[in-house]
Amino acid sequence: MPDQPLLDVRDLRVSFRTRRGSVTVVDGLSFSVAPGEILGVVGESGSGKSVSMLAVLRLLTSPNVTVEGEVRFRGRDLLALPDKDMRAVRGREIAMVFQDPMTALTPVYTVGWQIAEQIRAHEKVSRKEAHARAVGLLSDVGIPDAASRANAYPHEFSGGMRQRAVIAMALSCGPALLIADEPTTALDVTVQAQILDLMRELNTEGSAVVLITHDMGVISQIADRVLVMYGGRAAEEGPRRAVFHGPRHPYTWGLLDSVPRVGGPRLRRLPTIAGMPVAPGDLPEGCAFAPRCRLRHEQCAERPQLRDFAGSAHRDACWLPDDDRAALRLTARAAATDVPDLEREATP
Amino acid sequence: MLQFIVKRFASALLVMFAISVLVFLIFFATPGVDPAARIAGRNADPATLAQVRHSFGLDRPMPIRYLLMMRHLLIDRDLESFVNRGSRVIPQIVQATPVTLSLVIGAALIWMTAGIIMGTAAAALRGRAADPLIMLVGVVGVSLPAYWLGEVVNLITQKQLHSSVFSWVPPPGYVGLDHPGQWALHLLFPWLTLALLYAGIYARLLRGEVVGALNEDYVRTARAKGLSERRILIRHALRCSLIPIVSLFGLDFGALVGGAALLTEVVFGLPGIGKLTFDALQNLDLPVIMGTVLYAAFFVVLANALVDILYARLDPRARHA
Amino acid sequence: MTARTTPSEVLLRASDVTKHYPLRADGFSRHRRVLRAVDGVSLEVRGGETLGIVGESGCGKSTLGRCLVRLTELTGGRVEFDGQDISTLSTRRLRPVRPGMQLVFQDPQASLNPRRRAGDIVAEPLLVHRYGDAAAVRRRVAELFDVVGLAAAHLDRYPHEFSGGQRQRIGIARALATNPKLIVADEPVSALDVSIQAQVLNLFADLQEEFALTYVFIAHDLGVVRHVSDRIAVMYLGEIVELDETEALYKEPAHPYTQALLSAVPDIDDGADAPRRERIVLTGEVPNPVDKPTGCPFRTRCPYARELCATERPRLTPTASGRHTACHFPLID
């Protein structure tokens with residue numbers, strides 16, 4: 001079936017047991033990734049974007065974590081897979097790249113060794129052959145003089161080069177899906193541009209990508225579809241153009257408007273989102289964004305579900321009337337620009 | 001590398017010089033110590049004392065005395081004990097060294113193996129009942145005084161149960177390496193006793209390191225690669241945790257070889273460096289004290305240098321720094 | 001930010017400031033290796049304006065910020081603040097100058113003493129500079145809390161009880177305590193979530209208006225720097241490669257590095273027909289500031305580099321059209 005998603009997450013729920021009771025970090029999240037597409041997942045800290053992806057790969061190892069729901073990957077439910085089968089999925093079918101390239105590699109082994117280790121964990125190849133493939137991968141991701149650099153240790157690489165090496169490792173078994181958690185956040189813009197190009201390239205070679213970031217600009221440059229998360233839930237989801245050209249959720253408006261841009265008009269004050277990102281554990285019964293929303297009304301006490309707009313693939317979880325969101329956005333922006341922000345009131 | 005060795009050698013010389021001067025000064029500043037009286041024997045008349053003083057150079061100024069002693073010790077190698085006339089210092093040390101080395105190397109092998117296994121197991125089993133249990137065993141080992149434990153071991157193996165379970169245990173003492181079987185048998189309980197004192201600390205330290213390493217980003221990467229938990233624990237977490245353990249090991253090992261295994265040696269009647277130092281201190285026998293102290297300093301410095309080399313082998317980040 | 005008070009006279013002037021860190025010699029080579037963190041920087045900051053300093057990690061922007069308020073000793077050059085050369089003043093003579101220039105740090109977590117209450121942290125500079133009796137200090141701290149948008153109830157809390165944005169507000173209140181003329185802010189919003197970042201940026205704008213403050217705003221985020229700055233200095237390998245009015249610099253960069261930097265920023269495409277910049281992807285990496293290239297520091301990565309660039313170091317000079325760039329072949333004449 002051509003339409004069958006590669007990854008289909010249904011009603012994912014992640015909670016941590018703490019001294020003060022159970023805290024829900026991901027609260028009924030559903031999304032899917034089609035083969036070969038780039039899904040951008042965006043949100044602020046505490047939105048649950050990283051945790052949900054770690055849950056997908058079952059990398060939340062703390063005994064205090066409970067993960068519920070369904071994670072279907074190529075038809076199998078990953079959450080129900082035996083450990084051994086799950087290990088065969090990790091690194092071979094789904095690879096993951098993390099934010100900080102400086103700490104992502106084991107400091108005492110050479111970069112080439114670590115890539116070869118992953119290859120040998122999944123395929124029956126000789127040490128020599130695995131090393132040769134590691135060299136090839138390093139050269140593919142644009143590391144000059146890969147044959148000798150493969151024998152260098154992580155600390156001998158710069159941040160950008162290390163992130164390339166980590167990506168090379170992630171690609172070593174030709175995964176169908178690459179999950180990248182803020183892969184460029186720790187890097188300079190010029191290096192970020194190089195890494196984003198690299199991700200685009202590998203995407204054209206067939207891997208689907210889930211790119212987690214807080215940077216709307218990065219998403220706007222690279223994603224096919226966008227998932228906006230807030231408070232462990234999906235706020236808005238849709239094709240990139242639809243979301244960026246006609247954002248529908250007030251939180252997405254806020255994210256887009258509060259970023260100072262390198263082009264366009266300069267504002268004296270930025271439109272802000274009032275208050276602070278909701279902390280896990282303080283999630284309200286109704287809409288998670290309602291306490292910070294300038295257009296909240298009675299209905300917001302009830303939790304909104306993701307609904308599509310006029311039958312399109314663009315969906316959002318908001319009670320505002322469907323048709324005049326653009327006008328409402330202008331109202332909200334005007335209100336957001338000149339009122340004092342409410343951070344003070346938002347904290348008890 | 002050459003530069004490293006030269007630098008280390010120079011600092012070793014400096015350390016040994018400083019220590020020897022310190023020992024020398026402390027010795028002669030200690031009241032009631034008159035080497036001449038000891039050498040001349042009890043109730044010697046003043047004339048004999050003066051003659052002894054003169055022949056041993058004890059009537060010369062302090063710096064000359066120091067240089068003379070050093071010359072006899074290091075260059076002529078004929079420095080003699082003040083207490084046992086005619087017994088030279090260097091051969092005594094040469095004789096005692098293999099005993100101490102046998103004891104310490106064997107014990108080190110046991111405690112490192114036990115410490116690594118216990119520490120890694122406890123870290124892997126953290127949050128379960130086995131973890132605090134393993135750590136408790138460690139604490140017990142640490143808190144037992146060496147002489148007490150040694151005496152108890154002797155009591156059990158030599159007296160209480162010697163006729164039944166431990167009839168194979170030889171009497172305390174040392175047998176040279178030319179009889180390997182007897183050598184090992186004689187050292188078995190000293191090894192275990194000494195190792196027990198250290199295994200607990202090492203297990204405890206290693207557990208902390210491994211638990212910390214398991215929370216590192218690179219372990220998460222290793223998991224995302226699809227490696228087995230066992231491989232992650234041993235090849236990644238444990239491998240990185242060994243780095244700080246090695247530096248501690250170097251210091252402990254150097255100190256033990258230098259004579260810190262004294263209590264174990266005394267309790268089990270092993271004529272090692274510790275025992276030699278112990279006896280020399282009791283008799284205030286300056287030449288022997290000087291010899292053993294310099295020997296100890298040498299080993300501590302040597303162990304430190306070896307640790308640095310090993311450290312660089314274990315941690316590539318330290319190689320170019 | 002439009003229609004500010006017209007920038008008046010120069011408040012801060014840096015002339016040929018250098019900061020070199022000697023590295024430990026590696027034994028064999030006789031010559032000492034030197035890390036050139038800041039290498040011959042001259043700039044002026046006029047009263048009431050915001051000068052942005054932008055560049056990638058390791059370009060020396062933070063070190064320069066510390067040199068400007070003399071939190072670190074200069075290797076060479078001089079810094080004049082309010083007409084007085086502060087680069088050679090003794091610690092004692094510097095004391096009365098200090099209240100006039102304050103620093104806001106990047107990481108509010110690390111720059112606030114975790115064992116002290118927020119109110120005491122803000123009161124500290126007041127006590128150091130003998131502001132007045134206990135009651136006067138208390139009144140002033142309460143006033144400062146109000147100014148930066150913190151509640152009176154926050155006075156007795158410890159730093160860890162605050163969010164990142166609130167901690168940065170405490171840091172700002174502390175900097176404001178002595179009524180400074182100049183605030184040097186080193187990456188003050190880079191650790192914050194976007195929504196909180198916007199709030200803190202607005203606070204900076206409000207405070208500038210209210211207290212006629214002069215800012216030196218150091219950041220790596222080109223959007224943020226553009227938002228706050230009247231003029232911007234672009235740094236590369238310890239040197240200023242371009243220094244100009246914000247709008248001119250962003251519309252038509254004169255230095256190839258500025259051009260590449262701007263083109264690398266992933267801008268949000270929101271359907272408004274903003275002209276897409278041509279992407280210029282720089283190859284390679286920033287050279288090590290210990291082994292700086294001869295001549296122009298950027299020449300090893302510059303797509304337009306010629307022979308002259310390797311031999312002669314370009315100076316920050318005005319071009320025919322009045323742009324300020326350190327380039328032999330500027331993109332704008």
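I began with the sheet of chain A, where 8 strands form an open sheet with mixed pairing, in the order β6-β7-β8-β3-β9-β10-β12-β11. The edge strands, each of which pairs on one side only, are β6 (94-97) and β11 (307-308) of chain A. I note here that the model is a predicted one, and I read every value below with that in mind.

At one edge I followed β11(A), which runs antiparallel to strand β12 (residues 315-316) of chain A and is joined to it by 2 bridges. I looked up the partner of Asp308(A) in β12(A) and found Arg315(A) across the bridge.

At the other edge I looked for what packs on the strands, and found helix α6 (residues 159-170) of chain A lying across β6 and β7 (177-181) of chain A, with an angle of about 170 degrees between α6(A) and β6(A).

Next I checked confidence in chain A. The mean pLDDT of chain A is 90, and 96% of its residues score at least 70. Among the elements of chain A, strand β3 (residues 38-42) has the highest mean pLDDT, 97, whereas helix α12 (residues 343-346) has the lowest, 39. Residues 341-348 of chain A have a pLDDT below 50, although the model gives this stretch 17 contacts beyond near neighbours in sequence. I keep in mind that predicted coordinates should not be read in detail where pLDDT is low.

I then looked for positive phi values outside glycine. In chain A, Asp11(A) has a phi near 50 degrees, a positive value in a residue other than glycine, and Asp11(A) sits in strand β1 (residues 7-18) of chain A. Asp11(A) counts as exposed because it has 11 C-beta neighbours inside 10 Å. In chain C, Asp16(C) also has a positive phi near 50 degrees, and its place is in strand β1 (residues 10-22) of chain C. Is Asp16(C) buried or exposed? Asp16(C) has 12 C-beta neighbours inside 10 Å and therefore counts as exposed, since the exposed class takes in residues with 12 or fewer.

Staying with chain C, I examined helix α7 (residues 194-211), whose 18 residues reach 26 Å from the first C-alpha to the last, close to the 26 Å expected at 1.5 Å a residue. Because 13 of its 18 residues are buried, α7(C) is largely enclosed by the rest of the structure. Ala212(C), which follows α7(C), has a positive phi near 50 degrees.

Turning to chain B, I counted 13 helices and 0 strands, so that the order of elements from the N terminus on is an unbroken run of α. The C-alpha atoms of chain B fill a box of roughly 85 × 60 × 35 Å along the principal axes, and 36% of its 321 residues count as buried. Of the contacts in chain B with a separation of 6 or more, 70% are between residues 24 or more positions apart.

Last, I looked at where chain B meets chain A: 20 residues of chain B are in contact with 23 residues of chain A. On the chain B side, the elements giving two or more residues are α9 (217-224) and α10 (229-260) of chain B. Which element gives the most to this side? That element is α9(B), with 7 residues. By class, the residues of chain B that touch chain A divide into 8 charged, 7 nonpolar and 5 polar.

Conventions:
Residues are numbered from 1 along each chain as its sequence is written. Chains are lettered from A and ligands numbered from 1 in the order in which they are written. This is a predicted model: local features need pLDDT of at least 70, side-chain atom pairs count only at pLDDT 80 or more; totals for chains, interfaces and linings use all residues. Helices (H or I, at least four residues) and strands (E, at least two) are DSSP runs, numbered from the N terminus. The expected span of a helix is 1.5 Å times one less than its number of residues. A residue is buried if 20 or more other C-beta atoms lie within 10 Å of its own, exposed if 12 or fewer, and partly exposed in between; C-beta atoms are placed from the backbone. Two residues are in contact if their C-beta atoms, placed from the backbone, lie within 7 Å. Ala, Val, Leu, Ile, Met, Phe, Trp, Tyr, Cys and Pro count as nonpolar, Asp, Glu, Lys and Arg as charged, and the others, Gly among them, as polar. Two strands pair if DSSP finds at least two bridges between them. Axes are lines fitted to C-alpha atoms, for helices over the stretch in contact, and angles run from 0 to 180 degrees between N-to-C directions. pLDDT is the predictor's confidence in each residue, from 0 to 100.
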